[in-house]
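Here are a few exercises to try with the model open beside you. Work through each task before you read its solution.

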Amino acid sequence: MSELFDAVDALVASRSPLPPAEERKRLRVAHGLTLDEVAGALQVRRATVSGWESVKKPTEPRGPEREAYARLLRKLAELYPTPEEPAAPVPATFTGASDPAEARTLSTGQASEAVAMTETENTQPSAPAPAAAAPVAAPRPAHTTRPTSSTSRRPGVKKAAPAGTPAGGTDPRFENGPLAVVDVDDDGQVLAYCSGGLVLDVPVKSLPALIDWTLREAKLGQPKLVGPGKDADPLIVLTEAALERYGLPVTLTEEERLAGRLPEGHKVIKQLARAEWKLTKRGFGPWARIYRPATGSERTCVQLCIPSWHALDIRHWGHAAQLPPAELARVLGVYASRVMTPRGSTAVTGLELMTALHPATRASEPDADGKRHSEHNPGSLGKDPVDPAPCEAPDGHPVLKDLPRFHMRGPDEKLFEEAYDWARPMTDAECTLRHLVGIDVNMAFAAGANGLNVGLGEATHVKAPAFDPKLPGSWLVDLSHVDLSRVKVGKEWVKLDGSLLPSPFTPKGERPEGPAWYATPTVAYAQELGYEVRPIEAWVRYENGRYLDGWYNRLRDAYLATMADLGVDADLNPADFLAAMDGHKERDPELAIVVSAIKATVKGGLGKLRERPRGEGWRPGEPWRALSRPTWRPDIRAAVISRTRINLHRKIVKHAAFTGQYPIAILSDCVVYAANGESPLDFLPYRDGKPLPGGFKLGINPGLVKHEGTQTVLWGEEVRDRFDAPELNLARYIKDGTVTDVDNGE
């Protein structure tokens, strides 16, 4: 009889009611529990618990796990009941609230939704830090439309922190977060949507007054990332309704768009001038900076972001500009808490992050009078720009002004370290296979920057130097003798089909024909393959260091934490990883925007290291604006790209040596192989769940690979035949099979 009762109890337990997924997450976070802790208690995987909390496509627990999970949620619900909205607005004069679990109306200066920030020192790829040590994404706001009279619009009605809202450790100067999206509701009330879900009243009627309110009352901003650094200025995002309220155009005219700014005579610019506010040289554009000269150590500056003026590039921010104010605040707030407060485009922010983590100066030790002075910060690029070596300078740079007009520099005069764009015809054996499978290296250029020794100061010219793989620089050396049909892999010499491999020394994969300039990682790889190198000359930097390590760490952690929020963890096995990646963007499209922006921050920041002239009447031989920055460093960019390309080639060689498989095409960080199956697991040599050491490994960490896309071999051959391009780079189109901008490989 007891067995029947047990069966009945189990049947009832299998149908235990559960709250919605969003409430499940709220209860867990309210009690300070991590996904790992819940998974450990219920004896399930972390990804399983994450799936139970997925807002878009929640999975449901079954059997004994369901009853245990339901019991946990019931206990938590008793401790943390769902907060109720106030029945009607209350006067905005009550101060002194201290209980975050009660709905209270606070003054603007007291309203608070904390955005936590942490910094990691770990330089090795790893899983994101536990929830207690890393920022957690704020949840999707409950309201996606402007608030009505039944919701709070007063200066910071503080509610119980919603699930996933960062809390604790907030600088009281910036207790309302790093930014706010300013909008006007249907009743004409100006509201500031903060990144933690908080909404503030904005009691000002002009743009100068808005700037003053932001600095005096809004408590917006972000603490400095490192000791010698500077606090981030508050960011105000203006919606179309806010632009109209403050006398600004909703869109720029064609002339204004090309100029990138409003004309100097615009009435709002005159208002700012009368109020003694200044604009930076970029003027009043999509990312305007409004300031007053600093007095002592106190900065007085506000950054504006205007989405309708195309401040948020659709290539990197997707549909963020079309999001409702609260959701846009969430997207930008997560990015700000994990990367930094945006300072402009993702490229500008990527470059600013380097400086924020390695400021040029620091305070000295006290002198005899007890005063501190500004001094060089070791490990930084310093305050003053340095000239590149002639081989590192792009065409038109002032150091090349003595070259004859229209002179075309060859590889023996110009350093040309770029990402791969290589393809080859398929062999007969490969044509008998069914599929072409593309794999993509996660955060490839960030991984290339990790642990890389780069030059910090000026370059020194040396003749006939002995090559030093630890010395950053540019080397003129002949690598045409390196034969890829016989190379060292580890300590063993192996034979390969060199005709099926790209050269590691050129972006197009062509074998060098003579001396050429290379960055240190490229020359070091020639030695690693077992060949002697004898540089003819070099430009080396004796002052050097791992300048990009902190930059890599922060962007890596931001990427891993956001992907974990999307249900893709760093510790998944290969099959579960591929399953988790399938449709991960649809689980939370807003966080998917953050992932895209983080990736763009990596590539754009590195690209800014060699920023080219942008109009402004520039002529070859004359300096352009970017050259005045100490962060204009084409040698650092070249070293990162060199190492990224070499890292990829090393994996390709090890894969070929072990499996006999060779790539069909490579585009930057995407590699295409022919296989009989549609999955990377159909050709990657996993044994007992373990990958080939030093080869390709599936996973989300930077440097590991994910599935980029699969097409049929027949598709590839048909495309190449249609465009009469036997070496068309199929890696460019492998993701969805759509073929555009074919140039026949020229």
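Buried means under 20% relative accessible area, exposed over 50%, and partly exposed in between, using a 1.4 Å probe and protein chains only. This is a predicted model, where local features need pLDDT of at least 70 and side-chain atom pairs count only at pLDDT 80 or more, while totals for chains, interfaces and linings use all residues. Residues are numbered from 1 along each chain as its sequence is written, and side-chain values use heavy atoms, with hydrogens and water left out.

**Exercise 1.** Find His649 and decide whether it is buried or exposed.

Solution. Start with helix 20, residues 634–659, where His649 lies; helices (H or I, at least four residues) and strands (E, at least two) are DSSP runs, numbered from the N terminus. Next, check the relative accessible area: it is 0%, so His649 is buried. Finally, look at what surrounds this side chain, taking contact as heavy atoms within 4.5 Å. Beyond the neighbours within four places in sequence, His649 touches Tyr420, Leu484, Pro502, Ser503, Pro504 and Tyr525.

**Exercise 2.** Work out which parts of the chain are linked by the salt bridge of Arg541 and Glu392.

Solution. First, the criterion: a salt bridge is a side-chain nitrogen of Lys or Arg within 4 Å of a carboxyl oxygen of Asp or Glu. Side chains of opposite charge can pair when their charged atoms come close. Arg541 and Glu392 meet the criterion at 3.0 Å, N to O. The pair links distant parts of the chain, 149 residues apart: Arg541 is in the loop between strand 20 (537–540) and strand 21 (544–545), and Glu392 is in the loop between strand 11 (374–376) and strand 12 (421–423). Now check accessibility: Arg541 has 1%, so this residue is buried, and Glu392, at 5%, also counts as buried. To finish, widen the view: Glu392, Arg541, Arg633 and Asp635 form a network of salt bridges.

**Exercise 3.** Compare the accessibility of the two partners in the salt bridge of Arg614 and Glu611.

Solution. Begin with the distance, which is 3.5 Å, N to O. Then take each partner in turn: Arg614 has a relative accessible area of 61% and is therefore exposed, whereas Glu611 has 14% and counts as buried. For context, a search of the whole structure finds 36 salt bridges.

**Exercise 4.** How much of the protein is buried?

Solution. Count over the 746 residues: buried residues make up 51% of them. For the fold around them, note 21 helices and 24 strands.
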